[in-house]
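Q: I'd like a close look at one part of this protein, with enough detail to follow it on screen. Could you walk me through how one pair of helices packs, and then through some neighbouring stretches of sequence?

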Amino acid sequence: MTPASRGVGAPGAALRGHVTTGDRHDPHAQARAARAQPLLLHSLALFREVFAAVFTHCDIGTVVEIGVESGQVTEMYTGLGARRVYCVDPDPSPALRAALGDNDAVRLIEQPSPAALAGLPAAELYVLDGDHNYATVRAELEWILTRAPDAVIVLHDVLWPCGRRDLYYQPTRLPAEARHPDSADGPTIWHDELTPTGFVGAGAFTTATHAGGEANGVLTAVEDAVAAARDSWSLTVIPAVFGVGVLVRDGNPGAEAIRAALSPYADSSLLAAMENNRLALYTRVLQLQYEAAQHVREADTLAERLHSSRQQLDQLTRRLHKAEQRHASDLAALEEAHQRLAAVSARQATLRGAAAVIAELAGDAARRRVRENPITRAVRRVLPGRRR
Ligand SMILES: C[S@@+](CC[C@H](N)C(=O)[O-])C[C@H]1O[C@@H](n2cnc3c(N)ncnc32)[C@H](O)[C@@H]1O
């Protein structure tokens, strides 16, 4: 048993070759290693063994790296033996400037490719990972295949999503006829149309609204550039982390050895299946994240509406309470008025009764006065049978 197969390294980081196995005292070593990686692996820095094969079989003194981003790949080239690296990126971040700053072998070229290529000396290795669209990659390749035909060319993003569909970091850098209609929406593994739940650039890049057809995508650009080249070039495609292509001119020193060294990667159905699975899972995660964010927005809106409904309800309850108080005091006043009215009515009835008695008494007195009238008495005497 070799040390590697037994598991070596510091406790908690047991390895078999490059594989973190952990050991029975540290069963979580692999999970820790997995957690330490970004959820979306996207950098060429992961392809160290592929670049190592290129450096082993070719004498690489100068590298032109197009599309640098964080600069984490740059020091790999100097580590593998490059004496000069030209880093071409039109939008270097302060972190990139800082990362490249203390390496004398590195020059930062703050211009877009392909225009920047003409100002640089020919290199032995070109790494194309800048603007992932047909027009840019086709122009880069045309320049390199003509001016530096002995170079090895490594291209990133030759498979999904950019292989057959343009991506634009800055569409306006290209003439209108060299770009396709584009969108801020992104592709997903789960259907063919772009979607806001897909692989979106979030302001950093846009994507062609349709895939396929002519002059669309990185791999289509490679195929057309190779078909148009004077010499014969061979492309090896490694189906991992968005696809890496290695382009060498047939017959160049080292070309055959590079192809042989890379064939276990290029011919690996295991790698291809894992890449497809990774993309399917990642774009599912993107969709779930999008939906979760939308649910949060909807929940926020509902909470705001609930809050304002509660405020309205509180206001209405206060008004209702005041109205009830007013109603109760109106009712009490009404009751009091009703009692006063009843008392007045009772007095009126008493007075009416008294008035009737008075009227009765007054009527009797009048009748008596009439009966005592002399004329009446005379009439009674003359007409004794008549009564009045
Ligand atoms: C995918 S990132 C590169 C990642 C890096 N090569 C790695 O593997 O870690 C693409 C980079 O290309 C740069 N870029 C965009 N358009 C470019 C162009 N026309 N020329 C050169 N770089 C470009 C962007 O600014 C961005 O930093």
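A: Happy to; here is the helix pair, followed by some loops and the ligand shell. This is a predicted model, so local features need pLDDT of at least 70 and side-chain atom pairs pLDDT 80 or more, while totals for chains, interfaces and linings use all residues. Residues are numbered from 1 along each chain as its sequence is written.

The pair is helix 6 (residues 134-147) and helix 7 (residues 218-228), whose axes lie 8 Å apart at an angle of about 35°. Helices (H or I, at least four residues) and strands (E, at least two) are DSSP runs numbered from the N terminus. Axes are lines fitted to C-alpha atoms over the stretch in contact, with angles from 0 to 180 degrees between N-to-C directions. The crossing of helix 6 and helix 7 is right-handed, meaning that the near helix is turned clockwise from the far one by less than a right angle.

Which residues make the contact? Helix 6 supplies Tyr134, Val137, Arg138, Leu141, Glu142 and Leu145, and helix 7 supplies Val218, Thr220, Ala221, Val222, Asp224 and Ala225; contact means C-beta atoms, placed from the backbone, within 7 Å. By class, eight of these residues are nonpolar, one is polar and three are charged. Here Ala, Val, Leu, Ile, Met, Phe, Trp, Tyr, Cys and Pro count as nonpolar, Asp, Glu, Lys and Arg as charged, and the others, Gly among them, as polar.

The loop between strand 12 (206-208) and helix 7 holds Ala215. Ala215 has a positive phi of about 50° although it is not a glycine. Ala215 is partly exposed, because 16 other C-beta atoms lie within 10 Å; 20 or more would make a residue buried, and 12 or fewer exposed. Phe242 also has a positive phi, near 75°, and sits in the loop between strand 13 (233-238) and strand 14 (244-249). Phe242 is buried, with 23 other C-beta atoms within 10 Å.

Two cis peptide bonds are worth finding too. One joins Ser113 and Pro114, with omega about 10°, and Pro114 belongs to the loop between strand 5 (106-109) and strand 6 (125-128). Another runs from Trp160 to Pro161, with omega near 10°; Pro161 lies between strand 7 (152-156) and strand 8 (167-168), in the loop.

Finally, 21 residues surround the ligand, and the closest are Ser43, Leu44, Gly67, Pro112 and Gly130; near means a C-beta atom, placed from the backbone, within 6 Å. This shell holds nine nonpolar, seven polar and five charged residues.

Key:
Contact = placed C-beta atoms within 7 Å.
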